[in-house]
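Hi everyone, thanks for coming. Have a look at the slide for a moment, and then I'll walk you through it.

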Amino acid sequence: MARIAIVGVGAIGGAIAGLLEMTERHEVTLCTRRPMQQLTVTMPSGSVRVKARNVTAPAEVEPADWVIVATKAYDAEGAARWFPRLCAQGAQVAVVQNGVEHRERFAPYVEQARLLPVIIDCPVERSPDGEVRVRGAARMRVEDTPLGCDFAALFAGSPANAEPVADFVSAAWWKLCLNSVGALNALTLKPAGVLREEEMGRLALAMVAECVAVGRAEGAKLNDSLGEEILAQYRAQPPDAVNSLLADRLAGRRMEIDARNGVIVRRGQKRGIPTPLNRMAFTLLEAQQP
Ligand SMILES: NC(=O)c1ccc[n+]([C@@H]2O[C@H](COP(=O)([O-])OP(=O)(O)OC[C@H]3O[C@@H](n4cnc5c(N)ncnc54)[C@H](OP(=O)(O)O)[C@@H]3O)[C@@H](O)[C@H]2O)c1
């Protein structure tokens, strides 16, 4: 049994709460900004009602063994307001977010030795009535360290595939390459089908090539064929599939564009690698932020 606090219970935080509920082993606290009436998580294997305690103010929480942060990347500062009490007995902090800057984002708030970046692949949405719908397998990848193995063990007995990997840097950059292309959907306001157009495909390949060049300079091992693999993945999606950048733009919400494309530009600039397409996508979408 572990005392686990989930900070940010949207789509991913909700899915994680459902997976932990299925282990029937942990004492889970849901840390949210507004009260949650209920949380039901529907997975391909069935539905689960989460019986965790819900807390809405950092002053009300008890110390935890693990804090799992599942806010959007731009909400790091707000998420960290929960840490002083949650981490009072030395909790480990797992950051389940997109991008490659989990450590940098939380460096001001928690020591590196207690921080665990997590990459998650899990198609999931949360509806306003509190239902979280997981549409496919949940796969999490972490560094192959004692901390990473402890985190993976929390999910034993659930359908999640939580896997320590020897080369986490490559896994994170692989996912960033995939995510970089999502900006094209947010820019065109069109779902996945738009990537089936030939010229759009060419743009996607060129955006991934920039990300591959920067990722390799940062130590990631990325195949020459990665762009084609990623384009094939987008083209295999239902044409009306909507990624989170597009969903956020359509809903007038803030987009995670800095963590997905801005980082490619910043890291590229630092290493003298030009990233004109990611720069353009970042600049145009940043200008659309509410
Ligand atoms: N959804 C997916 O399929 C998916 C897949 C892979 C990776 N990811 C990544 O996972 C991360 C989370 O994404 P998501 O889709 O779950 O986002 P989301 O649905 O927007 O959920 C984020 C939640 O964090 C909450 N939050 C923000 N600041 C908070 C604070 N200070 N205290 C407590 N709660 C706070 C928000 O609360 P409010 O409701 O009050 O705004 C919201 O419920 C992102 O980095 C995303 O890129 C998502």
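Let me start with a question: in which loop is leucine 189 found? Leucine 189 sits in the loop between helix H6 (168-188) and H7. When I say helix or strand, I mean DSSP runs, H or I of at least four residues for helices and E of at least two for strands, numbered from the N terminus.

A quick word on where this comes from. It's a predicted model, so local features need pLDDT of at least 70 and side-chain atom pairs count only at pLDDT 80 or more, while totals for chains, interfaces and linings use all residues. Residues are numbered from 1 along each chain as its sequence is written, and side-chain values use heavy atoms, with hydrogens and water left out.

Back to leucine 189. Its phi is near 60°, a positive value in a residue other than glycine. Is leucine 189 buried or exposed? Somewhere in the middle: leucine 189 is partly exposed, because its relative accessible area is 41%. Here buried means under 20% relative accessible area, exposed means over 50%, and partly exposed is in between, with a 1.4 Å probe and protein chains only.

Over in helix H6 there's asparagine 185. Asparagine 185 counts as buried because its relative accessibility is 2%. Leaving aside neighbours within four places in sequence, asparagine 185 is in contact with Lys190, Pro191, Ala192, Val194, Leu195, Tyr234, Asn243 and Leu246; contact means heavy atoms within 4.5 Å.

On to helix H7, residues 198-217, where we find glycine 201. Glycine 201 is buried, because its relative accessible area is 2%. Leaving aside neighbours within four places in sequence, glycine 201 is in contact with Leu195, Leu231 and Arg235. Compare that with asparagine 54: the two are 147 residues apart in sequence and 45 Å apart in space, C-alpha to C-alpha.

Now, the ligand. Which residues come nearest to it? Of the 24 residues around the ligand, those are Ile12, Arg33, Arg34, Asn98 and Glu256. A residue is near a molecule or strand if one of its heavy atoms lies within 4 Å of it. By class, that shell has eleven nonpolar, seven polar and six charged residues. For the classes, Ala, Val, Leu, Ile, Met, Phe, Trp, Tyr, Cys and Pro count as nonpolar, Asp, Glu, Lys and Arg as charged, and the others, Gly among them, as polar.

Let's look at some atoms. An oxygen of the ligand is 2.8 Å from a polar backbone atom of isoleucine 12. Another pair joins an oxygen atom of the ligand to an N or O atom in the side chain of arginine 34, at 2.9 Å. Then a nitrogen atom of the ligand has a backbone N or O atom of glycine 78 at 3.3 Å. And how much of the ligand does the protein bury? Taken alone the ligand exposes 900 Å², and the protein buries 82% of that. Those areas come from the Shrake-Rupley method with a 1.4 Å probe.

Two helices help out here: H1 (11-23) and H2 (76-80) each supply at least two residues of the shell around the ligand. H1 has 13 residues and reaches 19 Å from its first C-alpha to its last, close to the 18 Å expected at 1.5 Å a residue. That expected span is 1.5 Å times one less than the number of residues. H1 is mostly covered, with eleven of its 13 residues buried, among them Ile12, Leu19 and Leu20.

What comes after H1? Glutamate 24 is in the loop between H1 and S2, and its phi of about 55° is positive. Glutamate 24 counts as exposed because its relative accessibility is 74%.

Follow the chain into strand S2, residues 27-31, and you reach valine 28. Valine 28 counts as buried, because its relative accessibility is 13%. Not counting residues up to four places away in sequence, valine 28 touches Ile4, Ile6, Leu20, Ala52 and Arg53. So Leu20, one of the buried residues of H1, turns up again here as a contact of valine 28.

One last stop: valine 100, in the loop between strand S7 (92-96) and helix H4 (102-106). Valine 100 is buried, because its relative accessible area is 14%. Thanks, and I'm happy to take questions.

Definitions and conventions:
A polar contact is a pair of N or O atoms within 3.5 Å; within protein, one must be able to donate a hydrogen and the other to accept it, and residues adjacent in sequence count only if both atoms are side-chain atoms.
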